[in-house]
2 protein chains.
Amino acid sequence: MNNVHLYLLNEIDMGTAERKAREKKELKDLILAAAKKLFIAKGIEQTKIRNIADEINYSVGTVYVYFKDKNAILHDLHSLGFKQLGSEMRVLFAVEDPMERLKALGRVYINFALNNPDMYDLMFTLKAPLQFLDEVKNDQWNEGKATFGVLVQTVEDCIGRGHFKDHKLEPLSYAIWSTVHGLVSLQISERTKGACIMQPETIVTEAYEEFVKILMR
Amino acid sequence: MNNVHLYLLNEIDMGTAERKAREKKELKDLILAAAKKLFIAKGIEQTKIRNIADEINYSVGTVYVYFKDKNAILHDLHSLGFKQLGSEMRVLFAVEDPMERLKALGRVYINFALNNPDMYDLMFTLKAPLQFLDEVKNDQWNEGKATFGVLVQTVEDCIGRGHFKDHKLEPLSYAIWSTVHGLVSLQISERTKGACIMQPETIVTEAYEEFVKILMR
DNA sequence: TGCATAAATGAACAATGTTCATTTATATTT
DNA sequence: AAATATAAATGAACATTGTTCATTTATGCA
């Protein structure tokens, strides 16, 4: 047992450890991908852990080796959603005029929500992903904070250019967020179907146009 | 078997039938009251049919004699919620100035939601009460339609007094509904906790003030 | 009092999230 | 290369809960 021996052993150890870590991550990602696929196809409630296991040809128990419980899966997917929405939003920092950027932010947000309604529910409505935070991590909802930050930054830029005089930054930002969230969440929870006279397919974008008119006047 | 006999029999029949109908309604209301109490105390998901049965000292089966399934209970409670919210809103028709009425409608709506968060979820977020509609009744969501109607009527009155020039009635009304819905639903789904710097307790009312400022300018 | 109808019951079932003792595969040591 | 130790995967079994239905109990009527 000389130094060289030990050195080689450690090298090998490191190599296999890395590979194992990579394989673990790959299987975890596989589970997440299957979960997302099934959520989108059949809805979140209708997707059972057994379905996810079947989808990737693993046993139920394996899912629980990689995730504490269903909430943990939901939380990870919720984080993936924020990664996508966040990057779509941050692209808009390329828009110089903050008022134009603000308008575009709303459009991006609305499109994301209507194109990914289950993801949106996970990110902004369901309690499950936040329950995971309560149980396992600290209270900070970093994903939401970062995304809201993009909006606040943009509103601040607007104020810097002389808009929204006599308005408080954060309450105003929260009101704007609420409007677009309300637009899409009423649509996603199907509260526009039986209640409106006009076609529900266009009400969200039409209403956003009215909101923008009011905001910009 | 003479006519008088038949007449008396029918009289009695009618009386007992009425009493039975009343008793049936009373037990149904009892179940609903127990369900509401438990929902508020422990949350909707955490309230089991067995809990409701225990609460009123009846067996599980009895609940299913009076309600098709849990969705039916949720739908009836959702309707009760709309009765309350609707009457609170219609009181405001006493306010002559439609712009003042509009402001007050928002305050009433927000207060209702924050004081009855579980009811609000039932009325505007959860799918369950609407699933009952899909299964049993026609598609019309009459409760929502009537309540939205109060808002539309008020916005129409505002337009009649020269406000909101160049705005479409229903899209604008939907945008306003969306804002207050967004304000309260983000709060109820606890998306303000980890994301905002300021105290989440006051953010809803502060943001509503900002929205009103923008709307009325 | 006996009968018919309605109401209430609760044991049993099905679905589903979760656990854990056991088995299988992989890595390490001799 | 074989033995051993460690890690991963397994699926049967459990707990919870919505739901059903054959049976029992109560009520109204002849």
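Here, buried means under 20% relative accessible area, exposed means over 50%, and partly exposed is anything in between (1.4 Å probe, protein chains only). This is a predicted model, in which local features need pLDDT of at least 70 and side-chain atom pairs count only at pLDDT 80 or more, while totals for chains, interfaces and linings use all residues. Residues are numbered from 1 along each chain as its sequence is written, chains are lettered from A and ligands numbered from 1 in the order in which they are written, and side-chain values use heavy atoms, with hydrogens and water left out.

**View 1. E100(B) and K103(B) pair up in a salt bridge.** The closest N and O atoms of this pair sit 3.1 Å apart; a salt bridge here is a side-chain nitrogen of Lys or Arg within 4 Å of a carboxyl oxygen of Asp or Glu. Both residues belong to helix α5 (residues 98-115) of chain B, and being 3 residues apart they are separated by about one helical turn. Helices are DSSP runs (H or I, at least four residues), numbered from the N terminus. E100(B) comes out as partly exposed at 35% relative accessibility, and K103(B) is partly exposed too, at 21%.

**View 2. Helix α10 of chain B holds the E210(B) and K213(B) pair.** Again the spacing is 3 residues, about one turn of the helix (residues 200-216). The salt bridge has its closest N and O atoms 3.3 Å apart. What about burial? E210(B) is buried, with just 1% relative accessible area, whereas K213(B) is partly exposed at 37%.

**View 3. E190(B) meets K193(B) in a salt bridge.** Here the closest N and O atoms are 3.7 Å apart. K193(B) is exposed at 56% relative accessible area, and E190(B) is partly exposed at 31%. For the wider picture, the search of the whole structure turns up 20 salt bridges over all chains. Over in chain A, K68(A), D69(A) and E135(A) are linked in a salt-bridge network.

**View 4. T154(A) is tucked into helix α8 of chain A as a buried residue.** Its relative accessibility is 0%. The side chain of T154(A) makes a polar contact of 3.4 Å with that of R101(A); the term covers a pair of N or O atoms within 3.5 Å, where within protein one must be able to donate a hydrogen and the other to accept it, and residues adjacent in sequence count only if both atoms are side-chain atoms. Leaving out residues up to four places away in sequence, T154(A) touches F93(A), P98(A), R101(A), L102(A) and L105(A), contact being heavy atoms within 4.5 Å.

**View 5. Chain A meets chain B, with 53 residues of chain A in contact with 53 of chain B.** The buried area is about 4,500 Å², with carbon and sulfur atoms giving 59%; that is the accessible area (1.4 Å probe) the two parts lose on being put together, summed over both. In chain A, Y174(A), R191(A) and R217(A) lose the most area to chain B, together 17% of what that side buries. All told, 100% of the interface residues of chain A are also interface residues in chain B, so the copies meet through the same surface.

**View 6. K168(A) and E206(B) join in a salt bridge between the chains.** Their N to O distance is 3.1 Å, and the rule finds 2 salt bridges across this interface. There are also 30 residue pairs in polar contact between the chains (both at pLDDT 80 or more). α9(A) supplies the largest share of the side of chain A that touches chain B, 15 residues.

Conventions. Helices (H or I, at least four residues) and strands (E, at least two) are DSSP runs, numbered from the N terminus.
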